[in-house]
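Subject: Handover of a structure, with notes

Hello,

I am passing this structure on to you. Please look through it first, then read the notes below it.

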Amino acid sequence: MAAVQETIDQVRQIDVDQYKYGFETVIEVDKAPKGLSEDIIRFISAKKQEPEWMLEWRLDAYRRWLTMEEPTWARVEYPKIDFNDLYYYAAPKSTAGPKSLEEVDPELLRVYEKLGIPLREQEILAGVETPRVAVDAVFDSVSVVTTFKKELQKAGVIFMSISEAIREHPDLIKKYLGSVVPTSDNFYATLNAAVFTDGSFVFVPKGVRCPMELSTYFRINEKNTGQFERTLIIAEEGAYVSYLEGCTAPQRDENQLHAAVVELIALDDAEIKYSTVQNWYPGDAQGKGGIYNFVTKRGDCRGARSKISWTQVETGSAITWKYPSCILRGDDSRGEFYSIAVSNGYQQIDSGTKMIHLGKNTSSRIISKGISAGNSNNTYRGQVSINRRASNARNFTNCDSLLIGDQCGAHTVPYIDVKNASAQIEHEATTSKISEDQKFYVMQRGIPEEEAIALIVNGFVKDVIQQLPMEFAVEAQKLIGISLEGSVG
Amino acid sequence: MNMQTTSRLTAAETALVEAFGAQIGELPGNGAVIGTRDRLLDELKKAGLPTRRIEAWHYTDLKNLLRSVPDVTLVSAIDAIAPLVEGSKVLSILQGTADAKAAVDGIDIALFKDRLADGSAAAGLTALDKDDAIGRINGSFVRDGYAITVPANTELEAPIELQALHAAGQVHTRFPVSFGAASKATIIERHRSVTEDAALVSSISDITLEDGADITWIILQTQGAADTHLGQIRVQLGTDAKLRLFVINAGGKLVRQELRIDVAGEGAELTLRGVNLLGAESHTDVTLVLGHNVPNTNSTEIIRNVVFDRANGVFQGMIRVAPDAQKTDAKMSCNTLLLTDDGGFSAKPELEIFADDVVCGHGATVADIESSHLFYLMARGVPENKARAMLVNAFVAEIVEELEEEKLVEALEGVISAWLEKHA
């Protein structure tokens with residue numbers, strides 16, 4: 001398998017705790033003063049030239065947030081976050097709505113070049129083999145550029161930053177924003193509703209199959225800055241869209257906060273495929289620094305026969321708190337969750353999904369693969385709930401954990417609630433280490449230990465990797481190799 | 001963070017506090033025991049009964065479900081009944097009072113109230129953790145029970161039946177039982193009502209297996225349809241100890257059975273089997289916390305549930321593997337036949353693993369009777385209702401049959417069939 005060799009090579013080039021994307025870019029920024037208050041929210045809203053109703057929406061969320069308590073049920077430990085010691089808005093200067101790439105700060109473009117994110121359409125077009133991907137690049141608090149907008153427009157697809165969408169498509173925003181994750185949903189989602197600064201907006205109209213993959217690339221650059229992005233994807237009747245999300249941040253000693261909200265809405269016969277490769281800075285080998293990733297992602301299969309599929313590869317972040325969920329409201333709708341969560345060093349992952357079956361003949365499938373190494377803790381937490389009226393619901397859940405080393409932990413916490421007799425629910429979970437037999441089998445064919453482990457691990461996660469779009473699958477395999485570096489031996 | 005600040009007590013909480021006040025003068029116990037009781041009640045008063053916000057009680061919101069608490073009734077004319085298995089030695093606890101004359105050859109039996117009076121029971125009365133509501137209630141109110149010691153190398157031919165019968169009111173019992181090294185015994189712990197009046201029963205069995213002990217412990221809970229049963233089984237397994245623990249729930253309105261098992265000796269083996277027959281408007285919760293705390297231990301857990309009517313069932317099963325507990329082999333499965341749209345079942349099988357060289361797994365299923373199985377029987381001329389009954393029976397009988405002792409299997413199958421005939 002070529003990819004495995006590639007992974008190994010990649011691993012060799014990198015020291016134990018070297019994070020490839022850890023560089024910082026010196027760029028002139030516009031920042032709001034530190035701290036959180038109604039004034040800061042007014043400042044953000046004004047910066048974004050938002051209409052009055054949007055500001056009210058934010059302030060309402062903020063007032064609710066003040067009354068809420070930080071959740072403590074997840075298996076993660078971290079010092080208390082001082083929400084007043086953060087910058088809630090940081091934007092590269094001179095990016096106030098660049099019309100074309102030429103107007104974008106060249107320093108910024110170099111960042112994305114370094115990250116390997118194609119922003120120049122002609123460059124993307126020049127590459128014959130790679131399929132085209134439209135990209136929305138979010139840098140700290142703002143969207144810097146969105147590619148292929150025009151071409152997408154021809155197909156009727158709206159792909160732009162959410163700030164633009166609030167100005168240009170207020171009706172759609174009013175109708176859908178907060179309709180899946182209400183402002184009062186949970187502590188972090190409410191905070192996000194108050195202070196979100198940017199994110200992507202996708203609208204695929206009735207009957208349209210989005211002609212290319214859409215992608216958003218998130219980058220946190222500034223110090224002490226929280227990133228709060230908000231993504232809203234709507235697929236109307238019969239529409240289809242595949243969306244990819246990637247993220248990185250510089251290496252820093254202090255922790256940084258990332259609290260995003262993603263809402264997906266699929267109407268009758270629509271399908272949304274959402275893939276994430278999460279590679280925020282995980283902290284160093286001693287557990288210093290790294291991103292706190294507190295994310296609320298939820299899809300609403302609102303229409304009949306609609307389908308939402310989440311695929312995630314989680315290798316970064318010091319703390320991950322993330323449960324991409326599906327509300328299966330429409331009859332015959334389907335939800336899927338495929339996840340690989342790799343933790344090493346002192347990373348803590350508490351992630352999983354919720355499948356809420358409300359409609360008739362709904363089905364869901366959960367495949368979760370957790371790999372823990374080093375001193376990390378990796379928890380799968382999931383819920384499958386079958387409503388009283390959700391007849392003929394089906395669920396299959398499989399969550400496997402793999403432990404590498406004896407200092408790490410792997411945990412499984414599934415909640416299964418069934419209130420309808422016609423439901424068929426199957427759940428299975430296993431935890432094991434790479435067996436000596438497997439390793440011996442591979443090694444005695446002349447493959448070195450590190451490569452043997454990578455090979456077995458890649459086999460372990462194959463079911464999930466297969467769900468990723470091609471270009472992401474390769475990247476994900478590499479990432480897993482890098483994350484596990486130093487755990488062998 | 002999980003501290004509950006309850007400013008107002010519910011009716012049931014108030015009743016418990018008042019019952020304590022009314023009894024305090026006559027509850028058995030020396031100074032140390034009374035001190036512990038006071039502290040436990042104080043904790044209960046402060047924390048209140050647990051709500052769904054407490055993770056361990058997520059599916060059994062005791063504050064909401066336990067609406068009222070019956071008065072304490074001490075005297076009641078109840079006679080012991082025939083044992084489940086013919087030839088068993090019966091140790092009866094009638095309306096919460098143990099039999100002072102009870103004796104079994106070769107084992108040491110003491111009344112728990114004497115242990116309370118001399119203070120030797122004080123240390124064991126404490127709650128296991130901050131959410132241990134059953135430990136608190138039982139520790140505050142317990143009056144009697146049996147403290148049993150089976151000497152090392154003793155093999156008991158006949159089963160011992162702990163026969164707990166009650167009419168109504170409140171009954172709080174405790175059974176500390178210690179099995180000496182290489183001893184062998186079968187214990188049947190039976191909780192049963194003799195009237196249909198509401199009763200609140202709390203019972204804690206504190207079981208210790210010394211090295212190499214080989215024990216079968218069966219809990220058969222067939223209380224009345226208005227009863228609350230709060231049971232807790234604390235188990236500690238020594239080196240090479242073997243425990244077969246069977247828990248059968250076929251009664252009660254509000255039932256919580258907690259199994260807290262500490263596998264503390266290398267080579268120890270636990271076989272846990274559960275059958276829960278749920279009907280009417282009952283709520284039954286079986287919560288297992290199983291710690292594999294040393295290397296080279298095995299466990300298997302199989303729980304089968306059948307849900308009828310408006311009943312709700314819960315199984316929470318946590319397997320915890322400690323950092324040094326390498327070579328742990330733990331397998332848990334929970335299967336449920338949900339035969340009604342008016343009831344429900346919730347399962348939360350948890351794994352918490354800190355050692356890498358282990359094989360652990362769990363499986364959970366919830367479904368109706370397989371239509372192909374039904375078809376198979378009906379195609380052979382078995383009418384539908386009968387076919388369904390056969391399949392349900394087979395689903396749970398399979399578990400009981402693992403006990404192998406013929407008389408015991410027959411007796412338990414009899415209980416199950418009778419229950420199913422009444423409810424299905």
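How many bridges join β13(B) to strand β15 of chain B, and do these strands run parallel or antiparallel? There are 10 bridges between β13(B) and β15 (residues 298-307), and the two run parallel.

Before the rest, some conventions. This is a predicted model, in which local features need pLDDT of at least 70 and side-chain atom pairs count only at pLDDT 80 or more, while totals for chains, interfaces and linings use all residues. Residues are numbered from 1 along each chain as its sequence is written, and chains are lettered from A and ligands numbered from 1 in the order in which they are written.

Strand β13 of chain B

Strand β13 of chain B covers residues 269-278, and 8 of its 10 residues are buried (buried: 20 or more other C-beta atoms within 10 Å of a residue's own; exposed: 12 or fewer; partly exposed: in between; C-beta atoms are placed from the backbone). Helices (H or I, at least four residues) and strands (E, at least two) are DSSP runs, numbered from the N terminus. Strands pair if DSSP finds at least two bridges between them. Besides β15(B), β13(B) pairs with strand β11 (residues 242-249) of chain B, in the parallel sense and over 8 bridges. B:V275 has a partner in each of these strands: B:I248 stands opposite B:V275, and in β15(B) the bridge partner is B:R304.

Helix α8 of chain B

Helix α8 of chain B (residues 406-423) packs its buried residues against β11, β13 and α7 (384-400) of chain B (residues are in contact if their C-beta atoms, placed from the backbone, lie within 7 Å). The buried residues are B:L408, B:A411, B:L412, B:I416, B:W419 and B:L420. At 1.5 Å a residue, the 18 residues of α8(B) should span 26 Å, and the end C-alpha atoms are 26 Å apart, which agrees. The expected span is 1.5 Å times one less than the number of residues.

Chain A and its helix α9

Chain A has 13 helices and 24 strands. Of its 489 residues, 57% count as buried. Among the contacts in chain A with a separation of 6 or more, 83% are between residues 24 or more positions apart.

Is helix α9 of chain A enclosed or open? Of the 9 residues of α9(A), 8 are buried, so the helix is largely enclosed by the rest of the structure. The buried residues of α9(A) pack against α2 (38-47), α3, β8 (230-235), β11 (261-266) and β13 (290-301) of chain A.

Two packed helices are described by the angle between their axes and the distance between the axes. For α3 (residues 52-66) and α9 (residues 187-195) of chain A, the axes come within 7 Å and cross at roughly 145°. Axes are lines fitted to C-alpha atoms, for helices over the stretch in contact, and angles run from 0 to 180 degrees between N-to-C directions. On the α3(A) side, A:R58, A:A61, A:Y62, A:R64 and A:W65 meet A:T190, A:L191, A:A193 and A:A194 in α9(A). By class, this contact of α3(A) with α9(A) has 6 nonpolar, 1 polar and 2 charged residues (Ala, Val, Leu, Ile, Met, Phe, Trp, Tyr, Cys and Pro count as nonpolar, Asp, Glu, Lys and Arg as charged, and the others, Gly among them, as polar).

Where the chains meet

In the contact between the chains, 32 residues of chain B touch 32 residues of chain A. The elements giving two or more residues to the chain B side are β18 (344-353) and β19 (359-367). β18(B) gives the most, with 10 residues. By class, this side of chain B has 17 nonpolar, 7 polar and 8 charged residues. Strand β23 (residues 409-418) of chain A runs antiparallel to β18(B), joined by 6 bridges. A:D417 stands opposite B:S346 in β18(B).

Single residues

A:S200 is in strand β6 (residues 200-204) of chain A and is buried, with 29 other C-beta atoms within 10 Å. A:S200 and A:T216 are 16 residues apart in sequence and 7.0 Å apart in space, C-alpha to C-alpha.

A:N392 has a positive phi of about 55° although it is not a glycine. A:N392 is in the loop between β21 (377-386) and β22 (394-404) of chain A and is partly exposed, with 17 other C-beta atoms within 10 Å. B:D240, also not a glycine, has a positive phi near 55°. B:D240 is in the loop between β10 (228-237) and β11 of chain B and is buried, with 20 other C-beta atoms within 10 Å.

Regards

Terms used:
Two residues are in contact if their C-beta atoms, placed from the backbone, lie within 7 Å.
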